[in-house]
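Here's a quick tour to read with the chain open in your viewer. Keep the sequence handy as you go.

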Amino acid sequence: MPRTWFLICIKLIVSLILISSFNLLHSLQETQGAEPRVIRVGCYDNPPKLYGGTQKEPRGIFPEIIEDIARKENWQLEWVDGTWEQGLARLESGEIDIMPDVAYSLERAQKYQFSDEPVFINWAILYTRAGVHIESLFDLTAKKIAVMRGSIHTDSQEGIKKQTQEFGIDCEFIEFDSYAEVFLALQNNLADVGVVNRLFGMTSQKLYDVLPTPVVFNPRHLKFAFPPRGELTPYLKNTIDKHLRAARNHPESGIHKIIQSYLIGIPINSLSEESRPKVLLTPEEQSWIDAHPVIRIGVDPEFAPFEFIDKNNQYSGYASDYVRILNERLGLNMEVVKGAAWKEIVTMAEKGEIDVLPAVGYAMERSRFLAYTTPYVGFYRMIFCRTEAPFISGIHDVKNLTIAVQAKSSHSAWLMENTDLNLHHYDTLEETIRAVSEGKADIFIGNLAVGTYWIRKLNITNLRVAAPVSLERQLLHMAVRKDWPMLVGILNKGLASISNEETEEIRNRWTAAGYSVGLSPRIVWQRIGLTLLMAAVAIGIFWYWNRRLNHEIILRKKAEEKLLESQDRLADRVTERTRELAEANISLQREYKEKQKLQERIHRLEKMEAIGLMAGCVAHDLNNILGGIVSYPDLLLIELPEDSPMRPPLEVIKRSGKRAADVVTDLLTVARGVTTEKKPKNLNVLINEFLESPEFLMVKSSHPEIICATDLAEDLYLVACSEIHIRKCLMNLLINGFEAMGSKGTLSIQTENGPISEYQKNNGVLPHGKYVVLRISDTGPGISDEDIKHIFEPFYSRKIIGRSGTGLGLAVVWNTVHDHGGTIHVSSSSSGTEFVIALPATEELESERPHSRDAAELLGRGEKILVVDDEEQQRDVARTMLTSMGYTVASVGSGEEALEYLRTQKVDLVILDMIMEPGLSGLMTYEYILRIAPGQKAIIVSGFSRNDEVHKAQQLGAGKYIKKPFTYHQLGMAVKKALAG
């Protein structure tokens, strides 16, 4: 009987084991096959417990614990970034499922649910700035105390505020958003004492000049917190408690190792470089970055080695490396605004024209318009004086001295805020240093590293470092315009991601090798050995010298004999050297003459550019004026019958306006940089067409005895050119040839496929490649040497301006050739003048000529068009023309008005002027329009605009560019093409 019961028990136990194994296996299979559960977790910066990490995930004790649990429980974590207060608000509203790193208190237990198991215990500790001594809470009397807003160590029943209130301690509290700002307040003397948690203090105090005190209080269990009525709260609480409990009982577990690795002091910057490609940003921060594609930074060009502009005009120094890293990791585009002195940079920052100052010390006066990041490098503020000056031990010894300081610098701000010294400000650091060197001031106060760098650079030998202003290390921050607080947080995240190794690499790049106090035993023995070796060498040299002394006496007599021989040889060498110097002098004179010729050429180019700029500005205004003269006759002629007596006067007005527009076109060509459409053309075809044109035949009829000969290459390459401008060049050159020869002579036109002339080769004007060469020569009396220097200058002419031309003919030729990437050379003698033009060949095929359209084809079907132009007359012209074509037209006078209109109205096409002052330009307006109405069709209309402005707009999607003044047919064609596209 007992045997039977024993067998039954064995079978029952085996059955239970099999059932349990089956259930466990089934549960594991379900877990592995199920979709991961999404868990939303709050995140904020509080290293090393929790801080903005890389690869889209935060790092620290709590993130690594919850990631370990997530892998085992098949969770998909979604990190919700924000501040500490935002995280608690989201937890209370149920927007997140877990908030890590929450210190438990009875007050908080009424708002949230907590895990039963704590992660570890943390407590508050007091830190002070240098010179402040705190031994107990009673030493806080009359002190300024920096605290973190919303922290349990600030506002709880055991927080610092309640502690001081209960003990009757009279002190002042200053609240900040993070512990980093608390330490920054201590660093910059805004507070005497700071309250932070123990872990933050241990890991971050090395970044600031702060000192720990023995005062600790408010020990707290740090736990995970959950929404009070969250759907997942019971499940999450039980699951996390299960894993924390298991970790506490098993020291070899992953969670236990994570906690211990941080608590024993492994630095948070020990993450490998591969794990730090970029920083976790909130959606709001990423949206902010997207909305600010360019961030302007202002640089102190004299602040070496921290920041400066080097000889290659590049931004260099400590700050430049930090800016480069932040641009890469944060996706920012911080660009340097160059060409301004530091005083101007600070003024621009105050006006909002500069967004970030990447290397500045803290100053209360600047905090009106700047917000500061955490510091990233330090320096010492020193007193510099002349070498013969009396002994100076500190700032208290300079009260009666003349003190020089750079204007708008942190040194100036600190001295004005903390002393009553009489300061003399200078615009630049160089002027400040020279003022002391030249005796205009007794001392100057500045950065130790920067001051010594510039003293060496300026080769000043009569200055020395006298004494430190204070023993406190001054810190450099990145300062951001006050109305961009979001950027401060973004930059702080980026700075926190820079490892100690990266910081050391940057420091070593811009300073000499680092040093430390004391010597290692190895270095001591090395130096002792080196000293003994040098002593032995010295003794050996002394013995050897005595031995050789007698021998030297014997040799001295022989040397004197040889000296006489050497003097004779030296005289011969002097004669030879004199001859070499004479030859070198001749060579230098030759080089000087060549340099003079090059300078004269550069001067002519600069003069052409200046006159061209003036011509472009005049042309822009004239085109706006001519708009009505050219455009309105078109409209009136359409309405008038053929036999109307008003048609002849209108035709005259129209032709006069076109002739005036042609002169303006010449001005624009002189201005260069105008937008021209270049198509592949055969230069021979253009020449033959021009020789058969009415313009040429009219000129030829005035000179019947002049022979016009052509020699055109049959296999001529194509050139990418503006047909109207090449025709203008031909007309100007041929007319000049006719007028130069007078009644008789020969005008020759020749084309060929390279090579370019020896002149162009020798001067390196053109790069290697295929070219088409045009030669136009006459048999006239030639051009004088004085005139040939100026013939391409606008308005330079030996003719009577207004009767025989405008003085722009050859200037138009010169600018057209250079705008086409070519070159022109003129040679002249008493037997005639030859112009040689070389234009680069193109591999593109020649396009077909466009067919003309009837006016009826220009009519629209009621499409809505918005005209944007700052000239009222131009808006009226365009509106009248478009309305007569059957379009629905609206018009506004600026880019700002256009944006306001398009926010509420949709249009089929925008006709956009490029230059509108003083508001948004056409390009900027179109960029903003595309944000409001992506894909908005547009055409560009302008009297004068730079190539890059028009090209950028067309790259964004704008269509055809038409030049003012335009005709009825030109406008209609452009609108039809844009709407069809």
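Of the 981 residues in this chain, 45% are buried. What you're looking at is a predicted model, with 31 helices and 35 strands. If you count contacts with a separation of 6 or more, 76% of them come from residues 24 or more positions apart.

**Nonpolar cores**

- The largest nonpolar core takes in 57 residues, and the members that touch the most others are Ile65, Ile98, Val119 and Phe224.
- Helix α7, covering residues 179-187, gives this core its largest share, with seven residues.
- Take Val119: once you set aside neighbours within four places in sequence, it contacts Ile61, Phe62, Ile65, Leu222, Phe224, Leu244 and Ile259.
- Another core, of 54 residues, lies apart from that one, and its members include Val299, Met382, Tyr426 and Leu495.

**Helix α12**

- Helix α12 runs over residues 318-330, and at 1.5 Å a residue its 13 residues should span 18 Å; the end C-alpha atoms are indeed 18 Å apart.
- This helix is largely enclosed by the rest of the structure, because 11 of its 13 residues are buried.
- The buried set isn't just greasy side chains: Asp321, Asn327 and Arg329 are among them, along with residues including Tyr318, Val323 and Leu330.
- Right after α12 comes Gly331, with a positive phi near 75°.

**Two buried polar residues to click on**

- His153 sits in helix α5 (residues 152-155), and with a relative accessible area of 5% it counts as buried.
- Which side chain does the side chain of His153 make a polar contact with? That partner is Asn218, at 3.0 Å.
- Leaving out neighbours within four places in sequence, the contacts of His153 include Trp123, Tyr179, Asn197, Phe217 and Arg220.
- Asp97 is in the loop between α3 (84-93) and β3 (99-103), and it is buried too, with a relative accessible area of 10%.
- Asp97 and Thr233 are 136 residues apart in sequence, but their C-alpha atoms are 7.1 Å apart in space.
- Not counting residues up to four places away in sequence, Asp97 touches Val38, Ile39 and Arg40, plus Ala225, Phe226, Pro227, Leu232 and Leu236.

**Aromatic pairs and charges over rings**

- Searching the whole structure turns up 19 aromatic pairs.
- Trp75 and Tyr235 form one of these: their ring centres are 6.1 Å apart and their planes are at 70°, so the pair is edge-to-face.
- With Trp75 in strand β2 (residues 75-81) and Tyr235 in helix α9 (residues 233-249), the pair ties together parts that are 160 residues apart in sequence.
- Buried or partly exposed? Trp75 is buried, at 7% relative accessibility, whereas Tyr235 is partly exposed, at 29%.
- For Phe303 and Phe306, the ring centres are 5.2 Å apart and the planes are at 35°, so that pair is tilted.
- Phe303 is buried, with a relative accessible area of 11%, and Phe306 is buried as well, at 4%.
- Tyr127, Tyr179, Phe183 and Phe200 are linked into a cluster through ring pairs.
- Tyr235 turns up again here: the charged end of Arg37 sits over its ring, 4.4 Å from the centre.
- Elsewhere, the charged end of Arg481 sits over the ring of Trp484, 4.4 Å from the ring centre.

**Positive phi outside glycine**

- Asn74 isn't a glycine, yet it has a positive phi of about 60°.
- You'll find Asn74 in the loop between α2 (61-73) and β2, where it is partly exposed, with a relative accessible area of 22%.
- Lys408 isn't a glycine either, and it has a positive phi of about 65°.
- Lys408 lies in the loop between β19 (403-406) and α14 (410-418), and it is partly exposed, with a relative accessible area of 32%.

Conventions. Residues are numbered from 1 along each chain as its sequence is written. This is a predicted model: local features need pLDDT of at least 70, side-chain atom pairs count only at pLDDT 80 or more; totals for chains, interfaces and linings use all residues. Side-chain values use heavy atoms; hydrogens and water are left out. A nonpolar core is a set of buried Ala, Val, Leu, Ile, Met, Phe, Trp, Tyr and Cys residues joined through side-chain atoms within 4.5 Å. Buried means under 20% relative accessible area, exposed over 50%, partly exposed in between (1.4 Å probe, protein chains only). Helices (H or I, at least four residues) and strands (E, at least two) are DSSP runs, numbered from the N terminus. Contact means heavy atoms within 4.5 Å. The expected span of a helix is 1.5 Å times one less than its number of residues. A polar contact is a pair of N or O atoms within 3.5 Å; within protein, one must be able to donate a hydrogen and the other to accept it, and residues adjacent in sequence count only if both atoms are side-chain atoms. Rings of Phe, Tyr and Trp (its six-membered ring) pair if their centres lie within 6.5 Å; planes under 30 degrees apart count as stacked, over 60 as edge-to-face and the rest as tilted. A charge sits over a ring if NZ of Lys or CZ of Arg is within 6 Å of the ring centre and within 35 degrees of the ring normal.
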